[in-house]
Amino acid sequence: MPIYSSDSDSDHQAYATGRKLFGRERPLHSILGGGPVADVLLWKNKSISAAILVGFTAIWFLFEVVEYNFLTLLCHLSITVMLVIFIWSNGAALFDRTPPRIPEIVLSESAFHHVARTFHIKFNQLLVTLYDIACGKDLTLFLLAIVFLWTLSVIGAYFTTMNLLYMGFLCIGTLPALYERYEHEVDYLVGRGTRDLKKIYKKFDSKVLNKIPRGPVKEKKYK
């Protein structure tokens, strides 16, 4: 039975209109870039997505469960790679095999400048956004940012950085695919939750925020 069968008719009609999460109009694959990264996040290529998930899980296991030190792990991996290359290159003649050839990877100057320019633009946009939030231009967004940072600080007190990074990767690697599969149900539940939160915020705004005294806003005069 669908999850919305016992709800009101208005909620059912809102669900039937096809209202998407965050008001998006494009498909999820297009929003994620529409390229190989989107295919990995949405598990279009299950073998690659599974290999990446297993790789990150192995890294998390080595650092958190086995408690490997990063420098120790790096040295052990380097020793293993050097031994494999040594045995392969010296034993290739005995077994009539081709010795290994490590390709030279060169980052062109234009590609480096493109990456640096893109990072510079995105970083500036992030700083402008954070500054606007901190100035309180949007009071709702300001309060949400405070609540989010406080929640993150509480979570950080109980989990290590590696665990937080791994959980974040699990969310990034699984939630988009799950959302694409259960898109209609998630959109409906989020829509109901958003309407309830707006009602609560309106009550809070009318009873608390509107009673906070504020100074007069002076308009700037331009000559």
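**Entry 1: Terms and overall make-up**

I began with the term helix: a helix here is a DSSP run of H or I with at least four residues, numbered from the N terminus. With that term settled, I looked up Val 40 and found its place in helix α3. I note that I am working with a predicted model.

I then listed the elements of the chain. There are 9 helices and 0 strands. Read from the N terminus on, the order is α-α-α-α-α-α-α-α-α. I also looked up burial for the chain as a whole: of its 223 residues, 12% count as buried.

**Entry 2: The annotated spans**

I consulted the UniProt record next. Its unreviewed entry gives the annotation "transmembrane region" to residues 47-63, 70-89 and 139-159. I looked up two of these spans in the model. Residues 47-63 are 100% helix and 0% strand, and their end C-alpha atoms lie 24 Å apart. Residues 70-89 are likewise 100% helix and 0% strand. For this span, the distance between the end C-alpha atoms is 28 Å.

**Entry 3: Two loop residues with positive phi**

I turned to the backbone angles. Most residues other than glycine have a negative phi. Which residue in the loop between α3 and α4 did I note here? I noted Trp 43, whose place is in the loop between α3 (36-41) and α4 (46-65). Trp 43 is not a glycine, yet its phi is positive, at about 60 degrees. I recorded Trp 43 as partly exposed because its relative accessible area is 25%, and the partly exposed class lies between 20% and 50%.

I found a second case in Glu 67, which lies in the loop between α4 and α5 (70-91). The phi of Glu 67 is near 60 degrees, again a positive value in a residue other than glycine. Is Glu 67 buried or exposed? Its relative accessibility is 64%, so I entered Glu 67 as exposed.

**Entry 4: The salt bridge**

Side chains of opposite charge can pair when their charged atoms come close. How many salt bridges does a search of the whole structure find? I obtained 1 salt bridge. The side chains that meet in it are those of Lys 44 and Glu 180, with 3.4 Å from N to O. Lys 44 lies in the loop between α3 and α4, whereas Glu 180 lies in helix α8 (residues 161-181), so the pair ties together parts that are 136 residues apart in sequence.

I checked the accessibility of both partners. Lys 44 counts as partly exposed at 48% relative accessibility. Glu 180 counts as partly exposed at 30%.

**Entry 5: Patches on the surface**

I looked for groups of residues on the surface. A nonpolar patch is formed by Trp 150, Val 154, Ile 155, Tyr 158, Phe 159 and Met 167. Together these residues have about 630 Å² of accessible area. Which helix gives the largest share of the nonpolar patch? Helix α7 (residues 139-156) does, with 3 residues. I looked up one member in detail: Val 154 is found in helix α7, and at 32% relative accessibility Val 154 counts as partly exposed.

I then recorded a patch of positive charge, where Lys 198, Lys 199, Lys 202, Lys 203 and Lys 207 gather on the surface. The place of Lys 202 is in helix α9 (residues 183-207). With a relative accessibility of 60%, Lys 202 counts as exposed.

**Entry 6: Pairs set apart along the chain**

I ended with three pairs of residues and their C-alpha distances. The first concerns Val 40, which I had placed in helix α3. Val 40 is partly exposed, with a relative accessible area of 23%. Val 40 and Ile 52 are 12 residues apart along the chain, and 8.8 Å separates their C-alpha atoms.

For the next pair, I found Ile 133 in helix α6 (residues 109-134). Ile 133 counts as buried because its relative accessibility is 17%, and buried means under 20%. From Ile 133 to Ile 146 the separation is 13 residues in sequence and 9.9 Å in space, C-alpha to C-alpha.

The remaining pair involves Leu 164, which is found in helix α8. Leu 164 is partly exposed, with a relative accessible area of 28%. The C-alpha atoms of Leu 164 and Leu 152 are separated by 9.9 Å, and these residues stand 12 apart along the chain.

Technical notes. Residues numbered from 1 in each chain as written. Predicted model: local features only at pLDDT ≥ 70, side-chain atom pairs only at ≥ 80, totals over all residues. Heavy atoms only, no water. Patch = residues over 30% accessible without salt bridge, like charges linked within 9 Å, V, L, I, M, F, W, Y side chains within 5 Å. Areas by Shrake-Rupley, 256 points an atom, 1.4 Å probe, with all protein chains shown as cover. Salt bridge = Lys/Arg side-chain N within 4 Å of Asp/Glu carboxyl O. Buried < 20%, exposed > 50% of the residue type's maximum accessible area, 1.4 Å probe, protein only. Lys, Arg positive; Asp, Glu negative; His and termini not counted. Charge placed at Lys NZ, Arg CZ, Asp CG, Glu CD. UniProt positions renumbered as here; feature names shortened; annotations may be inferred.
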